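Subject: Handing over a structure, with notes

Dear colleague,

I am passing on to you the structure that we spoke about, together with some notes that may help you to read it. Please open it first and keep it beside you while you go through what follows.

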Amino acid sequence: MILTHLSLTNFRNFSRLDVDVPPKALMLLGSNAQGKTSLLEAIYYLATLTAFHAESDRELINFLTAQENLAVARIVADYQRGGRKHRLEVRIIKDNGDYGSEGRTRKEVLLDGVKHKLNEIYGKFNAVLFLPQMLSVIEGSPDIRRHYLNLTLSQVLPDYAVHQSTYTRAITQRNALLKLLGEGKGDPAQLFFWDGKTADSGAQLILARIQAVQALERLASHIHAELTRGAEILRLDYRPSYDPLPQPEKQFMLPLDTPVDRSGFSVEQIRQGFIQRLSQIRAEEIRRGVTSIGPHRDDLRILANGVDLGKYGSRGQNRTAMLALKLAEVAWMREYSGECPVLLLDEVLAELDNERRSDLLTRLLESEQTLLTTTDLNLFTKQFMSQSKMWQVEAGRVLTRA
């Protein structure tokens, strides 16, 4: 898959951009706060309809434009996939309303000129993004890691986003009922219905995460071994809140560095076990007024040589592990769909030693299309620069360079 043309209107600090995008490696050079990262963010938004580090979509609309009663930011991409040409357009629309109210923000998506529901667009355009802030996937809260999993899996698995949306609605309704029951109100019989709804979609998410983490670990461990010259072994430890693999009674949990194989479970086995577990803890959940197990409470831990990097990893270790995970995403998407996603890397070479920089740049030259931001060309090898194109990014403008 190749992105061939990008057009931005009122997106971040880009009032207007209309530019052809070359294949292979493209370096975005410029000082800080000029728009380099915003370019990557715009391309990633086409794939996920989500900004990884913005609190809301309204932040993506150009600040001056956002003050108008009706403000619209547009991202339009022409790309080739499977030998066919496509155009994807995303509109972020902010209606400020009357009397100084904040109004509301909504999205519209068009593929080849036809408007689609948001859930229908996932997987049509694929991109993998690395930002320095994404080290929070390793170092931050379980919420961040679940968000990362959801964004990644939604691009690859066609029904994942639908199951996630259905599960979120079911949990919301179930929690409302639990709260009522805890207050002595509501109909307890309704809880059986919402147990089923929660388990139906929840089992789909759990199975998808089991299979995806297993595939990502296989790919990431190999890449990580190359980047560390065999010094470290990377593991991904998926820790489902409802675990279909039961813990034996009177036995402590296995240590993090002990691999656990959940690949043998079917979605129906997970669903039945999930319902059974919800039944067992029903009294406790009514008392608490909240659903205490399920994919909304899952976690993913990342380990190197058996050490939990989120707790004990150095900055350099965590950066290398995150890069390995991102490159594994690229390989996984290519395995699954036959198409290579666009790879987006923001200041990727910072904090890496010379050997790891050289190894990474050599690997990037093999990619179909990579966009990298930098403030310092001295970080790049002569070989990489000779085989790359370059854009100068200044104050929301792009100047192409030979």
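Two residues are said to be in contact when heavy atoms of theirs lie within 4.5 Å. With that in mind, of the contacts in the protein with a separation of 6 or more, 70% are between residues that stand 24 or more positions apart.

Please bear in mind that this is a predicted model, in which local features need pLDDT of at least 70 and side-chain atom pairs count only at pLDDT 80 or more, while totals for chains, interfaces and linings use all residues. Residues are numbered from 1 along each chain as its sequence is written, and side-chain values use heavy atoms, with hydrogens and water left out.

The whole protein

The secondary structure comes to eleven helices and 15 strands, where helices (H or I, at least four residues) and strands (E, at least two) are DSSP runs, numbered from the N terminus. The radius of gyration, taken over C-alpha atoms, is 23 Å, close to the 21 Å that the globule rule gives for 402 residues, so the protein is as compact as a globular protein of that length; the rule itself is 2.2 Å times the number of residues to the power 0.38. Along its principal axes, the C-alpha trace spans about 70 × 60 × 40 Å.

Of the 402 residues, 51% are buried, a word that here means under 20% relative accessible area, whereas exposed means over 50% and partly exposed lies in between (1.4 Å probe, protein chains only).

Strands that run parallel

Strands of a sheet pair through backbone hydrogen bonds, either parallel or antiparallel. Two strands are taken to pair if DSSP finds at least two bridges between them.

A good place to begin is strand E13 (residues 369-374), where six of the six residues are buried, so the strand is largely enclosed by the rest of the structure. On one side of E13 are Gln-369, Leu-371 and Thr-373, and on the other are Thr-370, Leu-372 and Thr-374, with both faces covered. Strand E3 (residues 24-29) pairs with E13 in the parallel sense over six bridges, and within this pairing Leu-28 has Thr-373 as its bridge partner in E13. E12 also pairs with E13 in the parallel sense, over four bridges, and there Leu-343 stands opposite Thr-370.

From strand E12 (residues 342-346) one can go on to E8, since the two run parallel and are joined by four bridges. Leu-343 appears again in this pairing, where Val-128 of E8 stands opposite Leu-343 in E12. In strand E8 (residues 127-130), Ala-127 and Leu-129 point one way and Val-128 and Phe-130 the other, and all are buried.

An antiparallel sheet

An open sheet of three strands, in the order E9-E10-E11, is paired in the antiparallel sense. Strand E9 (234-239) and strand E11 (307-308) stand at its edges with a single partner strand each, so one side of each is left without a neighbour in the sheet. Strand E10 (residues 299-304) pairs with E11 over two bridges, and Leu-303 has Asp-308 in E11 as its bridge partner. In the loop between E10 and E11 lies Gly-306, which at 36% relative accessibility counts as partly exposed.

Two helix residues

Which residues does Leu-205 touch, once its neighbours within four places in sequence are left aside? Leu-205, which has its place in helix H5 (residues 190-227), is in contact with Tyr-160, His-163, Gln-164, Tyr-167 and Pro-295, and it counts as buried at 2% relative accessibility.

Arg-315, by comparison, lies in helix H9 (residues 315-337) and is partly exposed, with a relative accessible area of 41%. Leaving aside its neighbours within four places in sequence, Arg-315 is in contact with Pro-132, Leu-135, Glu-139 and Glu-351. Although Arg-315 and Leu-135 are 180 residues apart in sequence, they are 8.7 Å apart in space, C-alpha to C-alpha.

Two positive phi angles

Leu-49, which is not a glycine, has a positive phi near 55°, and its place is in the loop between helix H1 (36-48) and strand E4 (70-81). At 3% relative accessibility, Leu-49 counts as buried. Asp-112 is likewise not a glycine and has a positive phi of about 55°, but Asp-112 is partly exposed, with a relative accessible area of 42%. The loop that holds Asp-112 is between strand E6 (104-111) and strand E7 (114-116).

With best wishes
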